[in-house]
Amino acid sequence: MQWPVLMVQARLSWRLLLTVPDPDPVHNYLITLTTYKKRFTRESQTVEICPRMESSRFYFFLFALAIFASPALSDLLLSKVDRRIYLTSHIVRISSTLKVENAGPETVSEVLLAFPEQQAKNMAYLMATPHEGKGKVKNPVVALPVEVVNPKDMPPALTFFSVSLPKGLAEGGSFTFDVLAVFTHALRPIPEQITQADIQLVLFQDSAYYLSPYAVKAQSLTVKLPDSRIESYTKLESTKIHGSEIKYGPYENLPAFSYSPIAVHFESNQPFAVAQELVREIEISHWGNVQVTEHYKLVHGGAQSKGEFSRLDFQARPNVRGASAFRYLVANLPPRAHSVYYRDEIGNISTSHLRGDSKKTELLIEPRYPMFGGWRTAFTIGYGLPLQDFLYESEGKRFLNITYSSPMVELVIDTLIVKVVLPEGSSDISVAAPFHVEQWQETKISHLDIDGRPVIVLKKTNVVPEHNQYFQVYYRFNKLSMLREPLMLISGFFFFFVACIVYMHADISISKSSASYLAKQQWEEVQAVIQQVQNIVSRCLAIHDKLEASLRDLYRTGDIQACKAARKAADGVLKELSKELKPLLTTLQSSPSAAQILPKVEELVAKERELQEKVMVKHSTVVDGYEKKSGARDIENRVALQQQKLTALRQEVDDLLELIDEI
């Protein structure tokens with residue numbers, strides 16, 4: 001017996017040589033993957049095999065051993081298999097039409113589907129439906145029950161699913177049904193790192209033969225690619241290529257567990273948009289609105305970007321210097337969506353476009369920067385929906401009927417968490433979902449809540465657009481509970497205004513005989529006295545300014561008599577102000593409340609008197625000089641020192657006034 005042998009050579013090509021045992025003459029399948037010349041070094045160099053490729057080879061070795069040592073299920077056979085693999089996006093969809101016949105004497109009610117273990121791990125969605133021929137009236141699709149099973153004597157390297165038929169299949173009977181399998185992360189970038197100017201090449205691996213525990217009479221395979229640019233593909237017997245389609249077969253009379261590996265290495269610059277986590281919050285308000293908020297953590301899941309990024313080159317030639325990046329995403333919102341917003345941690349993002357009609361509302365969003373391989377971004381989308389379009393009532397219970405997954409087109413979601421926030425007071429809550437989800441309940445406290453709002457949390461991993469199906473949340477809600485918040489608001493305003501009225505009419509002043517009231521009264525009296533002292537000092541300073549002005553007039557006109565008259569008038573006013581000041585100082589000295597500020601007030605009065613004396617001395621000196629007909633320069637020299645002292649004193653007085661104001 002010959003065992004599978006895997007070899008990789010590097011002279012600008014990889015070769016995978018597989019030799020397997022077969023009841024027929026031994027088949028040797030040669031898969032040649034011509035590498036992208038820009039990705040590897042010169043011809044004489046050897047390609048280093050990564051650990052992931054080595055593990056893949058080891059997995060295939062064990063897989064081949066398992067399937068060729070497994071027994072076949074002889075009661076059923078597949079008379080015709082038509083498979084179509086769609087590689088037009090990063091989500092791989094395999095649609096198969098199976099015609100099954102019962103060749104055994106016993107009635108059969110289920111059909112087994114087999115998938116390699118690694119492929120089953122990447123499977124996100126599996127659905128089986130009865131086949132409707134061409135030209136027939138399309139009836140509503142009724143999915144056949146599908147569940148994971150572990151049949152006896154089957155290879156552990158395979159994962160089996162059981163499809164329950166609508167009715168038992170008797171001997172000689174046949175039934176045709178369609179199977180749709182959706183896979184994520186099934187396309188591997190080769191090379192795994194590219195620059196901004198490179199295109200993205202991906203590798204897809206599968207079998208040209210339909211892997212089944214039943215014998216297959218006739219089968220064919222069609223591989224649909226994004227376009228006709230194919231780097232390399234496995235060429236087998238009866239292989240044809242038509243534009244962007246590769247066709248394998250037809251192949252006839254294949255035994256159970258037939259397997260012929262194929263690989264397609266092709267260009268795919270489709271958006272590899274992967275949401276590592278998406279949290280959808282659906283909040284119900286019985287006042288007429290359903291608010292949906294979606295928090296995305298997005299990553300480009302294609303070939304990792306390496307090297308520098310040039311915004312200038314990208315703007316100039318985006319289809320050449322950014323072919324592998326995606327610049328926008330499209331979300332198909334419900335038709336009557338309103339109040340749509342798109343923002344991130346920085347704020348609102350204006351690069352979005354919204355258009356709608358009677359069937360849908362299309363939202364086109366652009367991230368703040370083009371998304372290359374491995375680049376990440378996070379953003380939030382929110383919108384409101386009319387309550388009457390999604391909330392219904394049946395048998396005394398209300399139920400929300402809304403789609404489960406993201407409205408984004410061709411988005412893979414690694415982890416999806418849907419939170420349905422029900423109104424406060426909801427009870428008897430239940431969920432009906434078309435597929436399995438993890439479920440638990442939380443509580444959310446919002447405005448005007450007392451006990452909090454019940455939150456139903458639904459979690460699912462590996463989500464694709466096919467999961468965007470309607471689910472229902474049932475609950476009971478008393479209509480009188482809707483009056484709770486309005487009554488709380490009315491009561492709050494009522495008691496507020498009552499409190500205001502009581503406050504305005506009640507005497508809540510402190511007793512006039514209390515110590516605190518007396519201290520407050522004394523301090524107010526001290527403040528009034530200090531204010532009068534400040535006013536008197538300010539008037540004195542104004543008179544000083546008038547005397548200075550009379551000296552300036554004397555310098556200009558030489559009118560000595562006018563200057564003496566101004567001096568005489570100032571003397572009279574200053575004497576009156578001095579008389580007014582004395583009782584005020586006496587009041588402050590007798591008040592205990594003024595003990596802290598009294599020293600500053602006394603210092604202010606003393607400085608003002610000193611300033612007053614020096615102003616008078618300067619005035620007399622200048623007038624005497626003019627009477628003796630002294631020269632102007634001689635007079636200035638005589639009063640220069642006095643002027644310096646006056647300036648300093650005036651500044652001290654102003655500072656004391658400011659300090660007393662602060663106290």
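Here are some worked exercises on the predicted model above.

Local features need pLDDT of at least 70, side-chain atom pairs count only at pLDDT 80 or more, and totals for chains, interfaces and linings use all residues. Residues are numbered from 1 along each chain as its sequence is written, and side-chain values use heavy atoms, with hydrogens and water left out.

**Exercise 1: the overall picture**

Work out how many helices and strands the protein has, and what share of its residues is buried.

Solution. Start with the DSSP runs: helices are H or I with at least four residues, strands are E with at least two, and both are numbered from the N terminus. That gives eight helices and 32 strands. Next comes burial, where buried means under 20% relative accessible area, exposed means over 50% and partly exposed is in between (1.4 Å probe, protein chains only). Of the 663 residues, 43% are buried. Then take the surface, computed by the Shrake-Rupley method with a 1.4 Å probe, where only the protein chains shown count as cover for residues. The protein's accessible surface is about 35700 Å², with 53% of that on carbon and sulfur atoms. Last, look at contacts (heavy atoms within 4.5 Å). Among contacts with a separation of 6 or more, 74% are between residues 24 or more positions apart.

**Exercise 2: a three-stranded sheet**

Find the strand order of the open sheet that contains strand 21, and say which strands stand at its edges.

Solution. Two strands pair if DSSP finds at least two bridges between them. By that rule the order is 21-24-23, with antiparallel pairing. Strand 21 (329-333) and strand 23 (352-356) are the edges; each has a single partner strand, so one side of each has no neighbour in the sheet. Neighbouring strands here are turned by 15 degrees against each other on average, direction ignored; the axes are lines fitted to C-alpha atoms, for helices over the stretch in contact, and angles run from 0 to 180 degrees between N-to-C directions. Now zoom in on one pair: five bridges join strand 21 to strand 24 (residues 361-365), and Leu333 sits opposite Thr361.

**Exercise 3: strand 27 and its partners**

Is strand 27 largely enclosed or left open, and which strands does it pair with?

Solution. Check burial to begin with: six of the seven residues of strand 27 (residues 397-403) are buried, so the rest of the structure largely encloses it. Then go through the partners. Strand 26 (residues 391-394) pairs with strand 27 in the antiparallel sense over four bridges, with Leu391 opposite Leu400. This hairpin has two residues between the strands, and Glu395 takes a positive phi near 55 degrees there. Strand 32 is also antiparallel to strand 27, over six bridges, and Phe399 faces Tyr474 in that pairing.

**Exercise 4: backbone oddities**

Locate the cis peptide bonds at Pro191 and Pro250, then the positive phi values of Ser238 and Asn253.

Solution. The bond from Ile190 to Pro191 is cis, with omega near 5 degrees, and Pro191 lies in the loop between strand 10 (188-189) and strand 11 (193-194). Gly249 and Pro250 are also joined by a cis bond, omega about 15 degrees, but Pro250 is in strand 16 (residues 245-254). As for phi, Ser238 is near 60 degrees and belongs to the loop between strand 14 (230-233) and strand 15 (239-242). Asn253 has phi near 55 degrees and is in strand 16. At 34% relative accessible area Ser238 is partly exposed, while Asn253 is exposed at 61%.

**Exercise 5: salt bridges across the sequence**

Which parts of the chain does the Glu410 and Arg93 pair tie together, and which residues form a network with Glu283?

Solution. The criterion is a side-chain nitrogen of Lys or Arg within 4 Å of a carboxyl oxygen of Asp or Glu. The whole structure has 26 such salt bridges. Glu410 and Arg93 meet at 3.0 Å, N to O. Glu410 lies in the loop between strand 27 and strand 28 (412-421) and Arg93 in strand 4 (residues 92-102), so the pair ties together parts 317 residues apart in sequence. Glu410 is partly exposed at 24%; Arg93 is buried at 15%. Now Glu283: its side chain meets Lys444 at 3.6 Å, N to O. Glu283 is in strand 18 and Lys444 in strand 30 (residues 438-444), 161 residues apart. The network links Glu281, Glu283, Lys444 and Arg453.
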